[in-house]
Amino acid sequence: MEILTSEIVLYGGINQIGGNKILIKDSEESLFFDFGVSYEDRRKFFAEYLKPRSSKGIGDYLFFNLIPNLPYLYRDDLISPTGHEQGESDIKGVFITHPHMDHFGYIPFIREDVPIFASELTIKIIESYETISKGGIESEFCSLKKRPYGFNIHHSQWEECSREFNTWDKYNGTIKVDFFDLDHSVWGAGGYIIEASDMNIVYTGDLRQHGVRGYLTKQSLKKLEERDIDILIIEGTNVGNETEEDFLKNLIEELMGKTLEEKINSEQILKEKALRIVQETNNPVFIDFSLRDFDRLKTFYDVAKNSGRKLVIPLKLAQHIYDLSDDMGIKLEDNNLRIYQEPKKMGSFRRSEYSKWERDFLNFPNVVKFDEVKDNLDKFIMVMDYFRLGNLIDLKPSNGIYIHSETEPFNEEQAIDFKRHLQWIKFFNLDYHYLHTSGHMSEEEIFRTIESLSPKYIIPIHTKGIEKFRNKFKNIILPKMGESIQLKDIKDKVDRPIKKDLYSFF
Ligand SMILES: [Zn+2]
Ligand SMILES: [Zn+2]
């Protein structure tokens, strides 16, 4: 009888936050779990105006190893300018844990005949995200246009096709895959239990248990405790991140002259604090949060409602509310919401100047334009994220409040953006409040989770805190980029000395 061996290969998320791409191979089929963008690697070579060249398909991404060197996995049209051979892929599916770009962002490159699997909510959110995206190769998640490289064909005549997105339970291959729900800073999140021929693998994706949906994580972990887990692939965003936390704290103290209060560890406390701040003022209130964190949206919706104000939202958020209205329990025409119609080029509000998806919302009864907002700032809570800060120049708020409810900076560039963000708030003399709760478990919770699941081996992913994992546990595996991990030789890989090159693919 043939001896079956399964393999795990990591193509991202090693010693960095995000970019997870995990290949699990069995004798008959291979599956990917997450296919995200590694912003850390991408930033090494590219920036806002130095982009991978679309004229080369996905050639530039392959050249810098930003995506796995598996040419058959990619769309024929996008691989054609690279000189690689084209052909069918042996990958039978790509499973996504949740709709954050560092987990699903490179799906547009995958062949359209490779099915994508995810939870129902994750699929809805990705579809909604595609609607508001700018277009171009990187935002072709569900529908795509085949690039006829080498032919002089106008883009209006490019062949259109769609990619299959299925709920995870539609997959029926020889590898058994099960999904479990989790709480995270975006809806639809979960992890996978993968029963390959000779090992059981649990992959957590990103998780926390202190959010509105914390009970999902607690229930799922309880059930997982009964399983025999050979390999646990677990995230560790908050493991060993004290430097980042201190950096944020110092930056806010230095620039805004504010001492940060103790950490907020529940959405309910965040809501109470925000409500108190808003109720104590008659002045303008601006807020910033991640537009796809719908728990946070509901928090600020409630804060606005309970303080007698209207929540002013940008058109992009209007699209998300429209698409997920049933799940949110909020209707876009809700009287507590105002949809802000920003002027377009030449300061005009002409319909034809808006994108097709934006035009759908311009006739809603609760659309507001600049004048109405400016004259009634004290009656609103206005979403004013980083990319919309320019509006402050026209609104000129006096004695306003700014509630910053966004994720913490993790790298140099994010830190520079964060600092710039604070400079704006400071310039307009807005009273600054940093109210945020992490999308991830604390270090202590991660370690406790590992202990209660007691897997044979642990692969930490999506973390900078490998050393901390190693100090705490004996059975840590640290795969190299693209290296095959098999159960039969795994013992040799445990606790091996860390070499610098272990984390780097250069
Ligand atoms: Zn992530
Ligand atoms: Zn995430």
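**Helix α5 and strand β13 up close**

In this predicted model, helix α5 has these buried residues: Leu121, Thr122, Ile123, Lys124, Ile125, Ile126, Ser128 and Tyr129.

Reader: Which elements do the buried residues of α5 pack against?

Author: Start with the residues that are tucked in, among them Leu121, Ile125 and Tyr129. The partners of the buried set include two strands, β5 (116-118) and β8 (165-167). The full list is α4 (101-104), β5, β8, α10 (315-323) and α11 (325-328).

Reader: How far apart are the end C-alpha atoms of α5?

Author: Helix α5 covers residues 120-132, so at 1.5 Å a residue its 13 residues should span 18 Å. The model agrees with that, as the ends are 19 Å apart.

Reader: Over to β13: are Phe286 and Asp288 buried or exposed?

Author: Strand β13 takes in residues 285-289, and 5 of its 5 residues are buried. Val285, Ile287 and Phe289 sit on one side, with Phe286 and Asp288 on the other. Both faces are covered, so to the cut-off of 20 or more other C-beta atoms within 10 Å, Phe286 and Asp288 count as buried.

Reader: And which residue of β18 stands opposite Phe289?

Author: β13 runs parallel to β17 (residues 380-383), with 3 bridges, and there Phe286 faces Met382. With β18 (residues 401-405) β13 is also parallel, joined by 5 bridges. In that pairing, the residue opposite Phe289 is Ser405.

Reader: Zooming out, what radius of gyration does the chain have?

Author: The C-alpha trace spans about 80 × 60 × 40 Å along its principal axes. For 506 residues, a compact globule would come out near 23 Å, and the chain agrees with that at 24 Å.

Methods. Residues numbered from 1 in each chain as written. Chains lettered and ligands numbered in written order. Predicted model: local features only at pLDDT ≥ 70, side-chain atom pairs only at ≥ 80, totals over all residues. Rg over C-alpha atoms; globule rule 2.2 N^0.38 Å. Helix = DSSP H or I, 4+ residues; strand = E, 2+ residues; numbered from the N terminus. Expected span 1.5 Å × (residues − 1). Buried ≥ 20, exposed ≤ 12 C-beta atoms within 10 Å, placed from the backbone. Contact = placed C-beta atoms within 7 Å. Pairing = 2+ DSSP bridges.
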